[in-house]
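Q: Here's a structure I'd like to get my head around. Please take me through it and show how each label follows from the values.

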Amino acid sequence: AGATTIEPAQLALSALASYGRSDTPKVLVTDAIKINVRPLPQTGKPAQFTGAVGQYQIDAQVEDSRVTGVERGTIEAGNGFTLRLQVSGKGNIETLTEPAIPPLPNMTVYSPKITDAMDEAESNIQGSRTYAYVIIPSKSGNWTIPAIEYPYFDPQKESYQIACTIPIPINALP
């Protein structure tokens with residue numbers, strides 16, 4: 001937070017030589033840009049806020065990479081499935097932090113594979129970051145992946161928001 005300056009950028013262009021003449025290279029220089037960065041408010045800041053600024057949604061899906069005849073959300077204990085969490089929206093996708101996954105009793109959760117998809121549209125940076133977790137139920141039973149919250153600061157609303165997934169039932173067969 002506070003006043004800062006983005007220093008001038010330079011671009012050196014090679015000169016073309018014609019008929020044995022050598023022209024001097026041309027250097028283009030931008031102006032410095034002065035900006036005032038406002039601090040994020042402390043009022044209403046969620047305890048689990050990790051710095052995401054923008055407008056985001058979060059979506060969760062469970063995928064079983066094996067082709068089976070069992071219904072969606074059903075897996076045999078000891079076999080793995082993939083939980084895909086996708087945070088998408090407007091903002092600096094590359095700075096998003098990993099969503100906090102609540103404890104999942106009777107399941108082992110491995111570190112996620114992270115992939116980004118970004119797009120610049122109308123002077124806005126937008127896209128998505130996907131976290132793919134391999135999860136293995138250690139014993140049979142009916143389990144639930146609870147709602148996963150992703151807090152962020154929305155600069156247009158000038159307030160903290162929380163994007164949230166819906167709970168996902170998991171039926172772990174013996």
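A: One definition up front: buried means under 20% relative accessible area, exposed means over 50%, and partly exposed is whatever lies in between. Keep in mind that this is a predicted model.

Q: Why is T144 called partly exposed?
A: T144 has a relative accessible area of 47%. The buried label needs under 20% and the exposed label over 50%, so a value of 47% lands in between. T144 sits in strand β11.

Q: What does T144 touch, once residues up to four places away in sequence are left out?
A: That leaves L104, P167, I168 and P169. Take P167: 23 residues separate P167 from T144 along the chain, but their C-alpha atoms are 6.6 Å apart.

Q: Which face of β11 does T144 belong to, the covered or the uncovered one?
A: The uncovered one, together with N142. G141, W143 and I145 make up the covered face.

Q: Why does T43 count as exposed?
A: T43 has 71% relative accessibility. The exposed label takes over 50%, so T43 qualifies. You'll find T43 in the loop between β4 and β5. Its C-alpha is 8.9 Å from that of Y160, with the two positions 117 residues apart in sequence.

Q: And why does T165 count as buried?
A: Here the relative accessibility is 7%. Buried means under 20%, so T165 gets that label. T165 is in the loop between β13 and β14.

Q: What makes the link between T165 and I148 a polar contact?
A: A polar side-chain atom of T165 lies 2.8 Å from the backbone nitrogen of I148. The cut-off for a polar contact is 3.5 Å, so the distance falls within it. I148 is also one of the residues T165 contacts beyond four places in sequence, and the others are I58, D59, A60, L85, P146 and A147.

Q: Why is the pair of Y56 and Y152 called edge-to-face?
A: Two values settle that one. The ring centres are 5.7 Å apart and the planes stand at 90°. Rings pair if their centres lie within 6.5 Å, and planes over 60 degrees apart count as edge-to-face, so both conditions are met. The pair bridges distant parts of the chain: Y56 is in strand β5 and Y152 in strand β12, 96 residues apart. Both Y56 and Y152 are buried.

Q: How many aromatic pairs does the structure hold?
A: 3. Another one, F49 with Y160, is edge-to-face too, at 5.0 Å centre to centre with 75° between the planes. F49 lies in the loop between β4 and β5, while Y160 is in strand β13, 111 residues away. F49 and Y160 are both buried. Add F153 to these two and you have one aromatic cluster.

Q: How do you know that β6 and β14 are paired strands?
A: Count the bridges. β6 and β14 have 3, in the parallel sense. Pairing takes at least two bridges, so these strands make the cut. Within this pair, I75 stands opposite A172 of β14.

Q: What about β11 and β14?
A: These two run antiparallel over 5 bridges. That clears the minimum of two, so β11 and β14 are paired as well. Here G141 has A172 of β14 as its bridge partner.

Q: What makes the sheet open, and which are its edge strands?
A: The order is β6-β14-β11, with mixed pairing. β6 and β11 are the edges, and each pairs on one side only. On average, neighbouring strands in this sheet are turned by 30° against each other, direction ignored.

Q: Which residues touch the most other members of the largest nonpolar core?
A: F81, L83, L96, I135, I145 and I170, out of 26 residues in that core. Strands β5, β7, β10, β11, β12 and β14 each supply at least two core residues.

Q: And the chain as a whole: how many helices and strands?
A: 0 helices and 14 strands. Of its 174 residues, 28% count as buried. Among contacts with a separation of 6 or more, 69% come from residues 24 or more positions apart.

Notes: Residues numbered from 1 in each chain as written. Predicted model: local features only at pLDDT ≥ 70, side-chain atom pairs only at ≥ 80, totals over all residues. Heavy atoms only, no water. Helix = DSSP H or I, 4+ residues; strand = E, 2+ residues; numbered from the N terminus. Axes fitted to C-alpha atoms, helices over the stretch in contact; angles between N-to-C directions. Phe/Tyr/Trp six-rings, centres within 6.5 Å; stacked < 30°, edge-to-face > 60°. Buried < 20%, exposed > 50% of the residue type's maximum accessible area, 1.4 Å probe, protein only. Core = buried A, V, L, I, M, F, W, Y, C linked by side-chain atoms within 4.5 Å. Polar contact = N/O pair within 3.5 Å; in protein donor to acceptor, adjacent residues only side chain to side chain. Contact = heavy atoms within 4.5 Å.
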